[in-house]
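Visitor: Could you take me through this model? I would like to ask questions as we go.

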Amino acid sequence: MRTRILVSTIGAALLLGSGSLLAHHAFSAEFDANRPVNLRGTVTKTEWINPHSWIHVDVKDASGKVSSWAIECGAPNSLLRRGLNKMSIPAGTQLVIEGYQAKDGSTTANARDITLPDGQKFFVGSSGTGAPYEKDKDNK
Amino acid sequence: MTQRFFGTLAAVTALVITTGQIPAAGQSRGGNGEGATPSFEPPRTPWGDPDLQGHWLPGGGGMMETPAGEPWKGPAFRPTDAAFSNFFPPEPGSAAPARPRTPPRPMVVDPPDGRIPMQPWAMEKRTEIMAKQDRVEHLDPRVRCLQSGLPRANLPVGYNTYQFLQIPGYVVLLYEWNHMYRYIPLDGRPHVSPNIRLPMGDSRGRWEGNTLVVDVTNFTDRTWAVGHGAPPEGAPASAISTGHGVFHTEALHVVERFTLIDANTVRYEATIEDPKVFTQPWKIQFNAFTRAPADHQLFEYACHEGNGRNVKLMTGFDIDK
Amino acid sequence: MGFVVRRWRRRRSRSGRPLPTGWCGLAAVVVVGAGLVAPSTLAQPPSGGRYTGPRTVDGKPNLNGIWQVMNAAHWDLEPHSAEEGVPPGLGVVEGDAIPYQAWAAARKKENYANRAALDPINKCFLPGVPRIMYVPFPFQIAQTPKYVVLTHEYQHATRIVYTDGSPHAPPNDFWMGDSRGRWEGDTLVVDVTHFNDRTWFDMAGNFHSDALHVVERFTPLEAGHVMQYEATIEDPKVFTRPWKISMPIYRRAERNLQLLDYDCVDFFWLRMRPKR
């Protein structure tokens with residue numbers, strides 16, 4: 001798969017450095033900006049690894065069926081610096097996850113924000129992949 | 001702590017990037033709009049050397065090279081407020097942090113046209129490398145968790161910060177990403193034998209006035225000399241101005257200059273030569289290091305340990321098999 | 001690191017004669033003993049006395065320099081005979097045996113039986129603490145009043161020991177743990193926590209959980225050519241009680257020595273190189 005830089009990743013990249021654009025797969029290679037998701041799920045596992053942390057959640061749909069979602073977040077160090085750590089989201093935590101689903105429709109998503117049970121919201125986006133949250137509102 | 005950190009970071013960065021100097025006549029164009037290196041009397045270590053110690057954040061770096069051809073001529077990209085505030089939320093109650101000013105010039109300051117001077121064969125090979133990033137044999141060595149090489153290690157990325165230490169006889173540079181380190185001896189000892197090849201090269205340092213000059217040789221050929229830099233708006237990944245995919249041979253020789261230009265900024269220059277790849281030595285310059293807030297720490301960045309999924313996604317290659 | 005040992009066994013000197021097998025073939029290490037008493041039957045600390053060597057500006061023993069362990073701990077912490085490619089060792093565990101809970105003792109046996117496949121170091125993963133301290137590669141210490149930084153030739157592993165009084169980082173799954181140190185007299189005491197459960201203590205399959213907590217004590221002796229290293233290991237999920245290892249760490253004596261680079265990941269990719 002080809003990696004492509006999306007135009008407006010440059011903006012955020014100024015301070016962060018856009019070299020990370022090609023450090024991992026581009027957002028658009030795996031995720032669909034036109035498939036936003038808002039999930040409520042229960043954490044089953046977290047993986048604090050690079051280049052992306054992962055939160056695994058069980059999501060129950062209206063009919064009661066439970067599916068397992070893999071949620072891609074930013075690098076652990078960037079989450080640490082935003083105030084999240086391993087103890088913040090232990091297994092069993094109810095989370096609200098806002099992000100974008102995988103292009104292939106699988107139960108995988110790239111997260112922008114997560115909200116904890118106490119209402120605290122954390123931005124958990126990945127830097128330098130060209131995700132929608134790296135774009136200006138005016139910049140399509 | 002987090003909000004204050006980001007607010008302070010943004011403020012410091014905005015201050016740093018907007019500090020500029022009037023270029024002196026005869027100087028090569030400075031990166032980030034600055035010209036002559038400002039004169040600044042740095043603090044000193046107990047044994048009298050300029051003191052570069054502390055934690056550092058990646059400094060502003062814009063384009064690596066002058067963009068090639070239409071439609072990317074003209075002013076460089078504009079950073080976007082929305083994106084910036086996502087990554088650096090303002091302190092509650094305070095105004096949004098000032099957006100750092102875009103550096104108006106490429107990092108490449110020599111040759112004067114701002115383009116990396118690759119030999120024709122090397123330019124072809126670079127184009128091939130960039131086109132085949134989905135093949136594991138061409139995949140960016142950093143993505144494979146090899147060490148960055150130089151001067152690439154000093155180019156800004158969002159997931160890397162730095163710590164500089166000084167002990168008698170050495171400057172020690174720590175890089176958060178992939179837990180890299182460099183010991184730079186200052187005692188004038190010769191380089192190691194040419195039989196020894198090192199991904200980060202072999203560094204020998206000396207002070208010239210307030211500038212740390214580091215001579216680096218003995219590289220392997222398995223890194224990229226540079227691999228960062230923001231392409232201009234509209235430029236595709238393969239655009240030459242990304243600075244990506246600049247491979248080298250074992251003949252690579254890098255001379256670095258680190259200068260504290262104010263209390264919170266280290267300017268970085270690197271002269272890069274490899275007569276097998278480039279038509280001439282070339283130079284980058286920009287303010288690479290911005291002082292981090294007082295409570296900043298480097299955290300472990302284990303790279304290879306969790307990288308299997310990432311490599312598989314990019315190339316289909318399964319390192320866990 | 002099994003494959004590393006195999007490579008050493010195939011090394012030859014420049015004249016073509018085979019070098020000694022096993023880890024001894026590595027020996028460029030010069031042990032500078034300040035008249036140390038050789039260890040007795042068990043891993044007894046050298047009977048060195050009070051530190052009299054150079055001190056830093058803040059009055060602490062000066063640990064700057066390059067150090068290396070020289071023993072068989074990396075192959076197996078417990079007393080063990082030689083095997084092919086494995087040097088014998090008197091053991092570095094106080095009391096000789098690691099006090100596993102029953103389930104964990106069984107797991108250790110499985111680890112040992114499948115160690116070539118299971119040892120995480122064979123995937124070039126970071127070795128963890130205390131294992132990084134006794135891999136057969138040198139490390140360098142840069143010591144300032146606020147930081148004691150250990151940089152390792154093996155896989156450019158880095159440990160930043162904060163001696164600035166700062167608390168531990170927030171909880172995380174660190175491979176090398178989070179290290180906070182303080183001086184007790186002339187001993188550097190380091191508290192290491194926030195480990196994941198992915199590392200082994202040695203090549204023999206000795207392991208831990210993510211509840212691992214390590215307290216290290218570095219005590220430089222006499223003129224500073226040797227420091228005594230102790231690590232107390234506790235993990236209530238795996239062991240029945242805390243246990244301790246101890247061994248000397250020797251200061252490398254060569255002038256102009258520098259760390260080179262054992263970039264395991266680089267070799268990993270060279271081995272993986274797809275056939276054209």
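Guide: What follows is a short discussion of the chains and some of their parts. This is a predicted model, in which local features need pLDDT of at least 70, side-chain atom pairs count only at pLDDT 80 or more, and totals for chains, interfaces and linings use all residues. Residues are numbered from 1 along each chain as its sequence is written, while chains are lettered from A and ligands numbered from 1 in the order in which they are written.

Visitor: How many helices and strands does chain C have?

Guide: Chain C has five helices and nine strands; helices (H or I, at least four residues) and strands (E, at least two) are DSSP runs, numbered from the N terminus. From the N terminus on, the order is α-β-α-α-α-β-β-β-β-β-β-β-β-α.

Visitor: What do the nine strands close into?

Guide: They close into a barrel in the order E1-E2-E3-E4-E5-E6-E7-E8-E9, with mixed pairing. Two strands pair if DSSP finds at least two bridges between them.

Visitor: And how many bridges join E7 to E8 there?

Guide: Nine bridges join strand E7 (residues 213-221) of chain C to strand E8 (residues 226-234) of chain C, and the two run antiparallel. Within this pair, Arg217(C) has Glu230(C) in E8(C) as its bridge partner.

Visitor: Turning to helix H2 of chain C, why does its length agree with expectation?

Guide: The expected span is 1.5 Å times one less than the number of residues. For the twelve residues of H2 (residues 102-113) of chain C that gives 16 Å, and the end C-alpha atoms are 17 Å apart, which agrees. H2(C) is hardly covered, with one buried residue among its twelve. A residue is buried if 20 or more other C-beta atoms, placed from the backbone, lie within 10 Å of its own, exposed if 12 or fewer, and partly exposed in between.

Visitor: What percentage of each chain is buried, for B and for C?

Guide: In chain B, 53% of the 321 residues count as buried; in chain C, 40% of the 276 residues do.

Visitor: How many residues does each chain give to the contact of B with C?

Guide: Chain B gives 29 residues and chain C gives 32, where contact means C-beta atoms, placed from the backbone, within 7 Å. On the side of chain B, the elements giving two or more residues are strands E3 (162-167), E4 (170-175) and E5 (180-185) of chain B.

Visitor: Lastly, is Lys60(A) buried or exposed?

Guide: Lys60(A) counts as exposed because it has 12 C-beta neighbours inside 10 Å. Lys60(A) lies in strand E2 (residues 54-60) of chain A.

Technical notes:
Two residues are in contact if their C-beta atoms, placed from the backbone, lie within 7 Å.
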